Every structure is written in structure tokens, then in C-alpha cells.
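Here is a set of exercises to work through with the viewer open. Try each task before reading its solution.

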Amino acid sequence: MDRLLSAEQRAAWQRDGYLVLPGFKDAGPVQALRERAHEIVQGFEPDGQASVFSTREQSRLAADRAFLDSARGIHCFFEEEAFDEHGQLRQPKALSINKIGHALHDLDPVFDDFSRGPALAALAHDLGLAEPLLVQSMLIFKQPGIGGEVRWHQDATFLRDDPVSVTGLWFALEDATRDNGCLWVQPGGHRGPLREVFERGGTAEAPSLALRTLDQTPWPDASQAVPVEVPAGTLVCLHGLLPHWSAPNRSPNSRQAYSLHAVDARSRWSSANWLRLEGGPALRGFDGPGR
Ligand code: FE2
């Protein structure tokens, strides 16, 4: 297997728990992904979900169901502030979607191509994934004005395996800055404990989702957080235990990113994960025709 990273980059990954690779994707593939995402949103018919559900409980259950159904499918999720008190969109649909998830990499040919290829296969190996499997993908819009905060978290909370192998690949599709809600990370924080786990409970007919605290270690304070301001085309690699967050986007421009998660097939996937790996297309690694 060819190497993609230098010895210094591999050492930085081990030390910091994250790695920034500017220019990993050319402008062409980035543009193709953004255009395909726009087409998916245009083809998505909101079912009036905000106005149909009369109680918070009904709304929450329906939201949980849509979330679970998206695990091995393609679904558009709205921003929290997208609807007014009458359940009407405050702005056009294309500016109201929070993200598309969670099996774009397996089900959509444009995303499949972007998500695979020799460079990514070599990178995954350098990052320590001996037998990588792609398990989740998200197109994150971070819409102008209403793109919400994503609080401090560790991705292993949402994709748990043992030993922890989950690795995030975060591709900037637009320049990410402090003004439009770039990532913030805690360098070295991946050596701390997993603080929370997001688990599926309830029954098969009425599943429920909840966060459970595993460890009371506080989240980093502002002095420990480093902003990851990067130009479009940059790939940011994130260890599954690295604490990170992003601020709301109060700028007039979106901050689109594509987030892809891989695990090592040798780790044991938790049966309590919200995302079940069965019941969809066969899981694959990074081998494919893309860059
Ligand atoms: Fe994350």
C-alpha cells in the first residue's frame, strides 16, 4: 500500500488527533458534489412535517424515525430555525436544509466517486485503518444566518466501536472561517475519555434515541480550542475521540462541508448504535475509481 502522508504528518496525527490536508480535492470534484447536493435538495419534498405534528412528543418521535430511516438511505434534514410558528418555511427550501444523510457514499454515484479512490485508500491506511469500511456520510450546509451551533462532542459518541477506530474525514466544500462557523478542535484531546454515548432504546416498533453520560470529564474551555480555518478543497481528518465543535453561522454565506466516517472492520460495532450496518447495500472501503 502506497503512503500518502509524510512521517511528520503521521506524527502530527498521533499527537494532535486531527490533521489538515489543504488542496486534497480539486475544484472540479468539489463543484460536482455541491451541484449534486443541490439537485437532491430540489428533488426533496418536505411533507409539512413542522405543521403536521401537534405535540413536541409526536414531533420528536417522527424526527427519531426519520433519523433512523436515513441510516442506510438519503434524507434531507431541516435547520431548527427553518420554520416559523405556523410551520411555514421562513426562506426558500434550498436555504433551509441543515444536512443530507447518511448513506450518500453508497447510494449516490457522484458521492460514491468523491468518497473513494487511491488517495483516500492510502490515507486511511496511514491514519491506522487497516480494513476501512465507510459507514456514514453527511452533506452539511451550515446555512447563512440560520446554520446552528454544533456543540462540543466526539464522533465516537454517535458511531461507537471497540476499540475506537471511527475516523472522520471532513471536506471543506467552501472556505471555512470563524465568521461562517468553522470547526474548532482540542489538539491532543483524543487521548481523553469518551464522555457520552448516543444509544438506541425502546422497541423495534417505537425506537427511541438518547444520549447517556459515560464520563464527567468537562469539555475543553475556550483557551484549549483551536479554530480550523481552511479553504475549499481542504480535508480535515478527525480522530473519533477528538473533542470538536462549530459555532453558528451568522454570516451571509453558507459553509458547506462533506463529512465521511470510516471504521476499521476489525473493531466490534456496538449493537446499541443508532446506525445499523445491516439492511442496506454491502459496506465497502475506499477502493474505487475516484481520486
Ligand atoms: Fe463531529
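Helices here are DSSP runs of H or I with at least four residues, numbered from the N terminus. Keep in mind that this is a predicted model.

**Exercise 1. Place Arg 10 in the fold and list what it touches beyond its sequence neighbours.**

Step 1: start with the secondary structure. Arg 10 belongs to helix α1, which covers residues 7–16.

Step 2: check the solvent exposure. Arg 10 has a relative accessible area of 23%. Buried would need under 20% and exposed over 50%, so a residue in between is called partly exposed. Arg 10 is therefore partly exposed.

Step 3: look for contacts, skipping neighbours within four places in sequence. That leaves Arg 3, Leu 5 and Asp 126.

Step 4: try a distance along the way. Arg 10 and Leu 123 are 113 residues apart along the chain, and their C-alpha atoms are separated by 10.0 Å.

**Exercise 2. Decide how far to trust the coordinates, and where to be careful.**

Step 1: take the chain average. The pLDDT averages 90, and 93% of the residues score at least 70.

Step 2: find the weak spot. Residues 50–54 have a pLDDT below 50, and in the model this stretch makes 8 contacts beyond near neighbours in sequence.

Step 3: draw the conclusion. Predicted coordinates should not be read in detail where pLDDT is low.

**Exercise 3. Describe the overall build of the chain and test it against the globule rule.**

Step 1: tally the elements. The chain has 7 helices and 15 strands.

Step 2: compare the radius of gyration. It is 18 Å, close to the 19 Å that the globule rule gives for 291 residues, so the chain is as compact as a globular protein of that length.

Step 3: add the extents. Along its principal axes the C-alpha trace spans about 55 × 45 × 40 Å.

Step 4: look at burial and contact range. Buried residues account for 51% of the 291 residues. Of the contacts between residues at least 6 apart in sequence, 85% join residues at least 24 apart.

**Exercise 4. Work out which residues coordinate the iron ion and how they are spaced.**

Step 1: name the donors. His 153 (NE2), Asp 155 (OD) and His 244 (NE2) coordinate the iron ion, at 2.1 to 2.2 Å.

Step 2: write the spacing. Along the chain the donors follow H-x1-D-x88-H.

Step 3: check burial. Both His 153 and Asp 155 are buried.

**Exercise 5. Classify the ring pair of Phe 158 and Phe 198, then look at other ring interactions.**

Step 1: get the total. The model holds 10 aromatic pairs.

Step 2: classify this one. Phe 158 and Phe 198 lie 5.4 Å centre to centre with 50° between the planes. Planes under 30 degrees apart would be stacked and over 60 edge-to-face, so what remains is tilted. This pair is tilted.

Step 3: locate the partners. Phe 158 is in the loop between β5 (150–153) and β6 (161–162), while Phe 198 is in strand β9 (residues 196–202), 40 residues apart.

Step 4: compare their exposure. Phe 158 is partly exposed at 28% relative accessibility, whereas Phe 198 is buried at 14%.

Step 5: widen the search. Phe 24, Phe 111, Phe 114, Phe 171 and Tyr 258 make up one aromatic cluster. Two charges also sit over rings: the charged end of Lys 99 is 5.5 Å from the ring centre of Phe 77, and Arg 195 is over the face of Trp 219 at 4.6 Å from the ring centre.

**Exercise 6. Find what is unusual in the backbone at His 102, Pro 163 and Lys 142.**

Step 1: check omega. Gly 101 and His 102 are joined by a cis peptide bond, with omega about 0°; His 102 is in strand β3 (residues 97–102). Another cis bond joins Asp 162 and Pro 163, with omega about -5°. Pro 163 is in the loop between β6 and β7 (167–172).

Step 2: see who touches that second site. Ser 267 is in contact with Asp 161, Asp 162, Pro 163 and Ser 165, leaving aside neighbours within four places in sequence. Ser 267 lies in the loop between β14 (257–264) and β15 (268–269), and is buried at 14% relative accessibility.

Step 3: check phi. Lys 142 has a positive phi of about 45° although it is not a glycine. Lys 142 is in the loop between β4 (132–140) and β5, buried with a relative accessible area of 4%.

Notes
Residues numbered from 1 in each chain as written. Predicted model: local features only at pLDDT ≥ 70, side-chain atom pairs only at ≥ 80, totals over all residues. Heavy atoms only, no water. Phe/Tyr/Trp six-rings, centres within 6.5 Å; stacked < 30°, edge-to-face > 60°. Helix = DSSP H or I, 4+ residues; strand = E, 2+ residues; numbered from the N terminus. Buried < 20%, exposed > 50% of the residue type's maximum accessible area, 1.4 Å probe, protein only. Lys NZ or Arg CZ within 6 Å of the ring centre and 35° of its normal. pLDDT = per-residue confidence, 0-100. Contact = heavy atoms within 4.5 Å. Donors = N, O, S within 2.8 Å, 3.2 Å for Na, K, Ca; no water. Rg over C-alpha atoms; globule rule 2.2 N^0.38 Å.
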